[in-house]
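Work through the exercises below with the structure open. Try each task before reading its solution.

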Amino acid sequence: MEAALAEELLEIAQSTASPTLKVHNQVPGGVHCSGDLYDAYRINLHSRIASRVLMRMGVCHYQNENDIYDLVLAQPWEEWFGIDHTIRVDVTAIKSPLKSIEFTTLKIKDAVCDRFRDMYGKRPSVDTREPDMRIAGFLDQRQFIVYLDTSGEALFKRGWRTETGDAPLRENLAAGLLRVSGWKPGMPLFDPMCGSGTILCEAAQMVQGVPPGARRRFAFEKFHDFDPAPWQEMKAAIKANPLPTEPTIFGSDISGDMVAMTRHNLKNAGILFDVPLKQIEAQQVQAPTAQPGILLTNPPYGERIGVRGDSTLPEDDLAKSFYADFSKTLKQRFAGWTAYLFTADLGLPKLLRLKESRKTPFFNGALECRLFRFDMVAGFNRREEALPKEGPQQDN
């Protein structure tokens, strides 16, 4: 989602009229940008796609753990937080020659604590569950970078989700899928396997103009020099969009519990307009609007396919029959729509007997996934009817 995030950061700089926020290069798993501390506030408040906003404290070439310790010890941590704050250290490594990431993590923690002990005779405590401050280390083959996390809890935790289904999408992944699909507020959007409603909640907040960080707290609010006045001004400057008079976002699911959960999550996310929801099997759905739009869904796969109802059938037969029926529904009832299916099942187009017009690789946690795009051209059905039927030919 790096390209989508870079695009979003440019939009945030423009929409908040920040003269200082500059977007630089994309790197695997992130985007480098620069600005003042208020820009970190802005990104935390407005970014739907970022997982964290990390502030770079120091960078060096390293040969061993002692080089890393020295760099971390030299950083002015006391300017940002105090001995009463709890800390946690996380390290990510790509092709690092160091033998133990756990040992490197320990060295970084020791360096932070030793700096405070040298200055004040006391050190901060470690709290791995709910730390006040998170310190992130990143290692590649030769370089080490240490960051202070301005976000706290990961940004996909928007603060509205209290209930989830079996395999919920992360909120920032749902937002990334919406962006990559090209959906914009005002366009019809339909999720026929909505689960706990993550895609619908993200889209509805975008329609209403609710920033993703409006309902949560951030680590930067605990920094020593945190100034609440500009932060409150930023939040006060949020202008909600006029509520739509006609529904444009629609959802359905086979499970009544999931439909109820989606309704609950939409309410928690502060959505004040109607998002029509139905309990219905995905194979039975109709296009919710006469105007074609975007169908975007995360269909059940692997263990999740069991929610289709018949656990007596082997999983593959169940999947084949479900996708054959769903494919017919798409062809017959969604002419002119663009269907996007996000799945870890890379053989999905074959199951649907449809040729994708695009496939975009994503990772859902450690799971490699694809966002498949299918253009539902008007006339699919007539073409199918014109094809010779399979089966034995009989002489008259």
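**Exercise 1. Work out the strand order of the four-stranded sheet, then find its edges and a helix that packs on it.**

Solution. The model is a predicted one.
- Step 1: Read off the order. The 4 strands run β3-β6-β5-β4 in an open sheet, and their pairing is mixed.
- Step 2: Look for strands that pair on one side only. These are the edge strands, β3 (54-61) and β4 (87-93).
- Step 3: Check the twist. From one strand to the next it averages 20°.
- Step 4: Take one pair. β3 and β6 (residues 143-149) are antiparallel, with 7 bridges. Within this pair, Arg56 has Tyr147 of β6 as its bridge partner.
- Step 5: Add the helix. α4 (residues 101-120) packs on the sheet and touches β4, β5 (133-139) and β6. The direction of α4 makes about 140° with that of β4.

**Exercise 2. Do the same for the open sheet of 7 strands.**

Solution.
- Step 1: The order is β9-β8-β7-β10-β11-β13-β12, and the pairing is mixed.
- Step 2: β9 (277-279) and β12 (358-364) each have a single partner strand, so one side of each has no neighbour in the sheet.
- Step 3: The twist averages 20° from one strand to the next.
- Step 4: For a parallel pair, take β10 (residues 294-297) and β11 (residues 338-343), joined by 4 bridges. Here Leu295 has Ala339 of β11 as its bridge partner.
- Step 5: Two helices can now be placed. α6 packs on the sheet, touching β7 (189-191), β8 (249-253), β9 and β10. Its direction makes about 165° with that of β8. α8 (residues 256-268) also packs on the sheet, touching β8 and β9, and its direction makes about 165° with that of β9.

**Exercise 3. Where does the second largest pocket lie with respect to domain 1 and domain 2, and why?**

Solution.
- Step 1: Set the bounds. The domain assignment gives domain 1 (1-149) and domain 2 (171-376).
- Step 2: Relate the domains. Their C-alpha centres lie 31 Å apart. In contact are 28 residues of domain 1 and 29 residues of domain 2.
- Step 3: Describe the pocket. Its volume is about 770 Å³. It has 29 lining residues; Glu11, Ser15, His46, Arg48 and Arg179 lie nearest its centre.
- Step 4: Trace the lining to its elements. α1 (2-15), α2 (37-46), α5 (171-181) and α6 (198-208) each give two or more residues. The largest share, 5 residues, is from α1.
- Step 5: Sort the lining by type: 14 nonpolar, 7 polar and 8 charged.
- Step 6: Conclude. Both domains give residues to the lining, so the second largest pocket lies between them.

Conventions
Residues are numbered from 1 along each chain as its sequence is written. This is a predicted model: local features need pLDDT of at least 70, side-chain atom pairs count only at pLDDT 80 or more; totals for chains, interfaces and linings use all residues. Side-chain values use heavy atoms; hydrogens and water are left out. On a 1 Å grid over the protein atoms alone, a cavity is a set of points where a 1.4 Å probe fits but cannot get out, and a pocket is an open set with protein on both sides within 12 Å along at least five of seven lines; lining residues have an atom within 4 Å of a point. Grid points are joined across faces, edges and corners, and a volume is the space filled by probe spheres set on the points. Ala, Val, Leu, Ile, Met, Phe, Trp, Tyr, Cys and Pro count as nonpolar, Asp, Glu, Lys and Arg as charged, and the others, Gly among them, as polar. Domain bounds come from an automatic or database domain assignment. Two strands pair if DSSP finds at least two bridges between them. Axes are lines fitted to C-alpha atoms, for helices over the stretch in contact, and angles run from 0 to 180 degrees between N-to-C directions. Contact means heavy atoms within 4.5 Å.
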